[in-house]
Amino acid sequence: MDPTLPLPLLGGLSPAQFMRRHWQKQPLLVRQAWPDVRPPLGSAALWALAARDDVESRLVRRPAAADADKRWQLEHGPIARRARPGPQALDWTLLVQGLDLHNAAARALLEAFRFVPDARLDDLMLSLAGSGGGVGPHLDSYDVFLLQVQGRRRWRVGPPVARPSWASGQPLKLLKGFRPDREWLLEPGDMLYLPPLWGHDGIAVGTGCMTASVGFRAPRAAGLAHELLLRLAEGDGADPNDDTAALYADPAQAATPHPAAVPPAMLAFARRSLRRSLAEPGALERSLGEVLSEPKREVWFDALDPAPATLPDGIALRLDRRTRMLYDRFGHVFVNGESLHAAGRDAGLMQRLADTRELDAAQCRRLSAGARAVVYQWWIDGWVHEIHPQPAN
Ligand code: SIN
Ligand code: CO
């Protein structure tokens, strides 16, 4: 998509303007951002997903006003059929996470937001609520687009506070003393963008309220460092059982009166080892792409069975909706936590596959024999699928 063209989705702002003025800075309410929006799936199908143990879901109930102890209820999925609130019940909401992994229409909805790098995309969550339902006042560490896909929801929003405090004794992290300074009633097709840490509370008005949240994760420094160090250690090729690999040596170690003290030479050795791993050309770049393209824990691909012997000539391919594919400017291509190096024409074609999530037959034919072998493996592993383009009438 051309980032300089105005989008109805962003209320007439171009993605470039939106990113400059609002992204990570200010909320944006867009009336009729998506006028003909339809729920990616109906309530029955959503409840069916929530009943599965490979789908992340939660059922939240707000305490009735008259309830003495005022405790919210939180139930994690799988949600049994008998736990489903009746059609007219009040104050409940069902949240289903990672809908894009399970539903093609939900994945397709995400395409509209690809003016933000895929490396930031987390997932599409869909909530279904009875009248009065919501998850209470809270904040998220995510950037989120809240698209009203059915029914109505009233949002109250307030800016980040320096030291937020939380209601005690609740199963949810509820903001104490939430002070919203703006309020909107969203109708189907309306959308609200919220930067991280803005307080918000959305309450369903009437039955059948469905809200799609397109969430963007921001890695935490400590968590990212942890994962990168693991990858760097795995990727340095050193066999932990290799007796000839660089061993700590301390021929100058004097007899010590303090046996429990860590020898300074050991610290220097540790520092040198880490620096060596980090300095290895391409190692950090590779590890970062692998970490960022790692699929979510619950993702499994369906391998082709039986596996054809070769990639057919004339095949056109599309990435599976669960496949994460990224690339960097050093020729690395990352798919589902794995990396490879692509050069020349292959690099351009791989980047195209990652950006558009498709390669047509002519493009597939232009891949080198080596790249075709890689793509063949992705195909039989279920990471990409054959597509049959519609013939022009
Ligand atoms: C909801 O859809 O009910 C909650 C979304 C959110 O507040 O992040
Ligand atoms: Co939220």
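A residue is taken as buried under 20% relative accessible area, exposed over 50%, and partly exposed in between. With that scale in hand, the salt bridges of this predicted model can be placed in their surroundings. A search of the whole structure finds 18 of them, and three pairs, together with one network, are described here.

Strand E6 (residues 143-158) is a good place to start. Arg-152 in this strand pairs with Glu-187, with an N to O separation of 3.7 Å. Glu-187 sits in the loop between strand E7 (182-186) and strand E8 (191-194), so the salt bridge joins distant parts of the chain, 35 residues apart. Both partners fall between the two cut-offs: Arg-152 has 32% relative accessibility and therefore counts as partly exposed, and Glu-187, at 32%, is likewise partly exposed.

A second salt bridge connects Arg-156 and Asp-201 at 3.0 Å, N to O. Here strand E6, which holds Arg-156, is linked to Asp-201 in strand E9 (residues 199-216), 45 residues apart. Asp-201 is buried, because its relative accessible area is 3%, whereas Arg-156 is partly exposed at 27%.

Turning to helix H9 (residues 361-365), Arg-365 lies in this helix, and its partner Asp-313 lies in the loop between helix H7 (283-292) and strand E10 (316-319), 52 residues away. Their side chains meet at 3.2 Å, N to O. Asp-313 counts as exposed, because its relative accessibility is 59%, while Arg-365, at 46%, is partly exposed.

Finally, salt bridges also link residues into a network, made up of Arg-107, Glu-111, Arg-114 and Asp-118.

Note on methods
Residues are numbered from 1 along each chain as its sequence is written. Chains are lettered from A and ligands numbered from 1 in the order in which they are written. This is a predicted model: local features need pLDDT of at least 70, side-chain atom pairs count only at pLDDT 80 or more; totals for chains, interfaces and linings use all residues. Side-chain values use heavy atoms; hydrogens and water are left out. A salt bridge is a side-chain nitrogen of Lys or Arg within 4 Å of a carboxyl oxygen of Asp or Glu. Helices (H or I, at least four residues) and strands (E, at least two) are DSSP runs, numbered from the N terminus. Buried means under 20% relative accessible area, exposed over 50%, partly exposed in between (1.4 Å probe, protein chains only).
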